[in-house]
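Welcome, and please have your viewer ready. We will move from one selection to the next, with a short note on what to look for at each stop.

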Amino acid sequence: MEQIDIKPINELAKPIQYLGAKNRVIDSILNESENYIGEGYVLDLFSGSSIVSQAYSNIGKNVISNDVQKFSGIISKTFLKVDFEPSFLNFPLDILFKNSDNKYFGIYADWIKKEDFFLKKRDTKSLLNLYKNFPLIWNRKNNKSEEVNNIFEKMITHLYEPAFNIAPLFTTIYAGTYFGIKQSIQIDNHRRRLEELLNNDNINSWQYNLVLTSLISTISQIVNSAGKHFAQPIKFENILKNDLLESRLYKNRLIDIDSVLSENIINNISLIKNNTSLTKNIVISKTMESVIENIDVLPKIDLIYADPPYTAQQYSRFYHIPEILIEYKIPELQIHRDKVTTGLYPSDKFKSRFCSMVKAPEAFSDLFKLTKNTESTLLLSYSKSLSEDNGNKRMITIDQLEKLKDEIIPNYQMQIVELDLKYKQLNNHDSINQKTDSIEVLIVFSKDIINL
Ligand SMILES: C[S@@+](CC[C@H](N)C(=O)[O-])C[C@H]1O[C@@H](n2cnc3c(N)ncnc32)[C@H](O)[C@@H]1O
């Protein structure tokens, strides 16, 4: 049997704090997979933060990495070295930070100055008041600036179009909520400049993905939300009442985007420099359903690793802002009871069948059919809930999965491996996605009898 050389976890890139990322169970996943991968590919069908795809690639397995979210595809292309040559690592970083013409700094100069002043003085009341009155596309606060009004007008007439030459999206949608005013303008500036650099052939597409990945990490580091995701900004009222939230606000808002971005790029470059894997990987950003439809164009698959969502929580709600950053199209915001949602969600978020009690069984049937058609082994991550009454109810049970397996792939064995997650009890004080009442499980569906 081929001996797998499992590299230490710290060589894998963790560009974003991602809910449900499999960081701590990677070794078990690799160990459970090793008997089932030959010359064919591993299909990581719901790759999220890309960490599992990276791990397979690190042990020399070719990977097809897929996730419906585009930002996930950008991260995967960066670390799975798609369209990459080592020489691409040597590009002058200063072209990213050169003072390009940024008219937006001018338009918002007064706001930036005030924000800076209140931040330095730790004047929370004035700072939050400034944010409350900052003109955003969805609040249209008493705004005397003709230039800002022009931007808003254009946004309305160019809905769903690329915003690069129309409006600074972060500044007009999120400034003062998830991010600061200056931070938002800096993010917009980098995003626009990056597109320009790509279009003018100053950087190639891998370098573009590398910088975008680093920018995704940057917004994930500075975002003012409880769990470093983008489901809700911390409310002003709560900040005023809670010292911890207040200090978190200052910590987040005082971070300088340019420094963090360049640090992230440099770190990512050094990770990739040290990454010696020579795998030929493929990255797709489609729904599972559409991957299935087009399965014939993909190379032979030995193993499908599937880590779909299991609760009603849609990932597109937690990570809508990285999607906006990548697509950079003017979104229509979702309206609920005549108001935009507090999360500032776009109205056309992707809704996964895996997050619906009614639709999940169909979605899993399709996954089993794919396993059958590709004659591959299916390694399914599952998290068993220890209590069913906390809003984290699973959309499908293991018994239901077994029934579906018996119908669709009756000749397959099913083996359940419970993973030891003691670490969660040890670390659960520092971030909400560590707090768990679940047990991680791997379910192996294989044609051949598993050697125990
Ligand atoms: C539990 S997360 C995967 C985490 C990943 N294994 C990691 O370690 O980072 C589930 C992922 O499934 C994706 N997803 C949900 N429904 C999907 C669908 N129908 N097709 C493709 N991806 C989907 C979500 O975008 C999310 O990133």
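Which residue follows H6, and what is the sign of its phi? Select Arg122: this residue comes after H6, and its phi is positive, near 50°. Bear in mind as you look around that this is a predicted model.

**Stop 1: helix H6**

Now step back and select residues 109–121, which form helix H6. Put a distance between the C-alpha atoms at its two ends and you should find 18 Å. That agrees with expectation, because 13 residues at 1.5 Å a residue should span 18 Å.

**Stop 2: helix H10 and Ile181**

Next, select residues 181–199, which make up helix H10. This helix has 19 residues, and from its first C-alpha to its last it reaches 27 Å, close to the 27 Å expected at 1.5 Å a residue. Turn on the surroundings: 14 of the 19 residues are buried, so H10 is largely enclosed by the rest of the structure.

Zoom in on Ile181, which belongs to H10. Is Ile181 buried or exposed? Ile181 is buried, since 23 other C-beta atoms lie within 10 Å. Setting aside neighbours within four places in sequence, the contacts of Ile181 are Tyr108, Trp111, Ile112, Glu115, Phe134, Ala175 and Gly176. Pick Glu115 from that list: Ile181 and Glu115 are 66 residues apart in sequence, yet their C-alpha atoms are 7.3 Å apart in space.

Before leaving, look just past the helix, where Asp201 takes a positive phi of about 60°.

**Stop 3: strands S1, S2 and S4**

Select residues 41–44 to bring up strand S1. Tyr41 and Leu43 point one way, Val42 and Asp44 point the other way, and all are buried.

Add residues 301–306, strand S4, which pairs with S1 in the parallel sense over four bridges. Within this pair, look for Val42 opposite Leu303. Then add residues 63–66, strand S2: S1 and S2 also pair in the parallel sense, over three bridges. Here Leu43 has Ile64 as its bridge partner, and Asp44 stands opposite Ser65.

Which residues of S2 lie on each side? Val63 and Ser65 are on one side, Ile64 and Asn66 are on the other, and all of them are buried, leaving both faces covered.

**Stop 4: helix H3 and the loop after it**

Select residues 70–79 for helix H3. Nine of its 10 residues are buried, so H3 is largely enclosed by the rest of the structure. The buried residues are Phe71, Ser72, Gly73, Ile74, Ile75, Ser76, Lys77, Thr78 and Phe79. To see what covers them, show S2 again together with helix H2 (51–58), helix H11 (205–222), helix H14 (257–273), strand S3 (282–284) and helix H17 (320–327), which are included in the cover.

Just after H3 comes Lys81, with a positive phi of about 55°. Lys81 sits in the loop between H3 and helix H4 (94–97). It counts as buried because it has 20 C-beta neighbours inside 10 Å.

**Stop 5: Asp338**

Go on to the loop between strand S5 (335–336) and strand S6 (339–340), where you will find Asp338. Although Asp338 is not a glycine, its phi is positive, about 65°. Most residues other than glycine have a negative phi. Is Asp338 buried or exposed? With 5 C-beta neighbours inside 10 Å, Asp338 counts as exposed.

**Stop 6: the ligand**

Center the view on the ligand and select the residues around it. Of the 22 in this shell, Gly20, Phe46, Gly48, Ser49 and Ser352 come nearest. Color the shell by residue type and you should get 11 nonpolar, eight polar and three charged residues.

**Stop 7: the two domains**

Finally, zoom out and color by domain. The domain assignment gives domain 1 as 9–81 + 279–308 + 356–446, and domain 2 as 94–273. Their C-alpha centres lie 33 Å apart. Where the two touch, domain 1 contributes 14 residues to the contact and domain 2 contributes 14 residues. On the side of domain 1 that touches domain 2, look for eight nonpolar, four polar and two charged residues.

Notes
Residues are numbered from 1 along each chain as its sequence is written. This is a predicted model: local features need pLDDT of at least 70, side-chain atom pairs count only at pLDDT 80 or more; totals for chains, interfaces and linings use all residues. A residue is near a molecule or strand if its C-beta atom, placed from the backbone, lies within 6 Å of it. Ala, Val, Leu, Ile, Met, Phe, Trp, Tyr, Cys and Pro count as nonpolar, Asp, Glu, Lys and Arg as charged, and the others, Gly among them, as polar. The expected span of a helix is 1.5 Å times one less than its number of residues. A residue is buried if 20 or more other C-beta atoms lie within 10 Å of its own, exposed if 12 or fewer, and partly exposed in between; C-beta atoms are placed from the backbone. Domain bounds come from an automatic or database domain assignment. Two residues are in contact if their C-beta atoms, placed from the backbone, lie within 7 Å. Two strands pair if DSSP finds at least two bridges between them.
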